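Please walk me through this predicted model, from its sheet and helices to its cores and aromatic pairs, in an order that lets each part be placed against the others.

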Amino acid sequence: MNVLIEENAAHAGLPALLTAYHLATEAEKGAAVTGPADLPAARRAEAEDPVAAFAADTVLLATAPETGEAVGCLVLKAGPVPEVKRVWVEPEARGRGLAGALMGEALRRAAAAGAERVRLTVWEWRRGPLALYRKLGFEPAPSWDDRPGLLCLEKRLAPGDRVEFLGPDAVRRHTEGLAALLVDAVDGGASVGFLAPVEPAEAAAWWAGTAGTRDVWAAFGPDGAVTGAVTLLRTGTANGRHRGEIARLLVHRSARGRGLGRRLLAAAEAHAAATGLTLLVLDTQTGSPAERLYRGAGWTVAGTIPEYAADPAGVLRPTTLYYKVLAA
């Protein structure tokens, strides 16, 4: 089943998913429930207003791209050890790997945030979910919830990528790794200002030129290799000092699917806001995977320009402009 998995606690279909989850759970425990009104108050409130209930947490939603219908959900509770909760897939959508896809995204996000392990609880009679969790590497852990029939499981995560701000000297020290990242992006078809093939020396010279002229963040894998980067340009004109431009958001093809793009973007946005910027803009090739990231991060489409820039192969492509107003 073709689905989109994204963070969205405000989706109109989420309350129904959470209600179905809680009704099924209460029924399995032998409680006399016939509808939402029979749910315990805390569970009912959670389903009625998930935005408030999970304000500090990550709510992942699986939706059908064609209709936008919500067919599955998962909550990753924040804390020193993130905890997976409320895993639910609508009955008609089961058997197509949606629960595994939701779990995979939750684990990627936890690792990208630097978590060393993730935990969850599962009722012992839920054979299907229990089998999935074991397949994903979850193992029995000392109990933190002594309710009868509830199993406590944990999974240790591989070290995640770290995101760092690079001053001018650090940019120069990491020019080789940043150049390799840029070469990989162009080779992969990303429209980032260069035509293919771009030589490593050319890419290195470009990065060297950014030292001191723009703010730079880089992501580093456990082995120290550069796995991603983003830059922030500030406007020099007197009437534009309130705004900045996000440019060259790059994630190495070997490091994608770990949430690095979102982390890099969030780092740049937070720094921009902290240093007095109130408006950010960016542009990206229309229809590129990056558009999903920007929309999910709260950016607004300003418009599309046809044949704005050539892709690495030299073909003129349309570009979509985005903006984001930063909280004061």
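A residue is called buried here when its relative accessible area is under 20%, and exposed when that area is over 50%, with partly exposed residues in between. By that criterion, helix H7 (residues 175-187) has as its buried residues Thr175, Leu178, Ala179, Leu181, Leu182, Val183, Asp184, Ala185 and Val186. These buried residues pack against strand S8 (162-166), helix H6 (168-173), helix H8 (200-210), strand S9 (215-220), strand S10 (226-234) and strand S11 (243-251). The length of H7 agrees with expectation, because its 13 residues should span 18 Å at 1.5 Å a residue, and its end C-alpha atoms are 18 Å apart. Just after H7 comes Gly189, which takes a positive phi of about 95°.

Helix H1 (residues 14-28) can be read in the same manner. Its 15 residues should span 21 Å at 1.5 Å a residue, and the end C-alpha atoms are indeed 21 Å apart. The buried residues of H1 are Leu14, Leu17, Leu18, Thr19, Tyr21, His22, Ala24, Thr25 and Glu26, and they pack against helix H2 (41-48), helix H3 (50-53), S2, S3, S4 and S5. H1 is followed by Gly30, whose phi is positive, near 90°.

The strands that H1 meets belong to an open sheet of 7 strands, arranged in the order S1-S2-S3-S4-S5-S7-S6 with mixed pairing. Its edge strands are strand S1 (4-7) and strand S6 (139-140), each of which pairs on one side only. Within the sheet, S4 and S5 pair in the parallel sense over 2 bridges, and Glu83 stands opposite Arg119 in S5. H1 packs on this sheet, touching S2, S3, S4 and S5, and its direction makes about 95° with that of S4.

Which residues of the largest nonpolar core touch the most other members? Of its 25 residues, these are Leu74, Val84, Met103, Val118, Leu120, Tyr133 and Phe138. The elements that give two or more residues to this core are strand S2 (58-63), strand S3 (70-77), strand S4 (83-89), helix H4 (98-112), strand S5 (117-123) and helix H5 (127-135), and the largest share, 7 residues, comes from H4. Met103 illustrates the packing: leaving aside residues up to four places away in sequence, Met103 touches Leu74, Val84, Val87, Leu120, Leu132, Tyr133, Leu136 and Phe138. A second, separate core of 24 residues includes Ala170, Leu182, Ala203 and Trp206, and of these Leu182 is also among the buried residues of H7.

Aromatic contacts offer another view, since a search of the whole structure finds 8 aromatic pairs. In one of them, the ring centres of Tyr21 and Trp88 are 6.3 Å apart and the planes stand at 85°, so the pair is edge-to-face. This pair links distant parts of the chain, with Tyr21 in helix H1 and Trp88 in strand S4, 67 residues apart, and both Tyr21 and Trp88 are buried. Trp123 and Trp125, by contrast, form a stacked pair, with 4.9 Å from centre to centre and 10° between the planes. Trp123 counts as buried because its relative accessibility is 8%, whereas Trp125, with a relative accessible area of 33%, is partly exposed. Finally, Phe194, Trp206 and Trp207 form one aromatic cluster, and Trp206 is also included in the second core.

Terms used. Residues numbered from 1 in each chain as written. Predicted model: local features only at pLDDT ≥ 70, side-chain atom pairs only at ≥ 80, totals over all residues. Heavy atoms only, no water. Core = buried A, V, L, I, M, F, W, Y, C linked by side-chain atoms within 4.5 Å. Buried < 20%, exposed > 50% of the residue type's maximum accessible area, 1.4 Å probe, protein only. Helix = DSSP H or I, 4+ residues; strand = E, 2+ residues; numbered from the N terminus. Contact = heavy atoms within 4.5 Å. Expected span 1.5 Å × (residues − 1). Pairing = 2+ DSSP bridges. Axes fitted to C-alpha atoms, helices over the stretch in contact; angles between N-to-C directions. Phe/Tyr/Trp six-rings, centres within 6.5 Å; stacked < 30°, edge-to-face > 60°.
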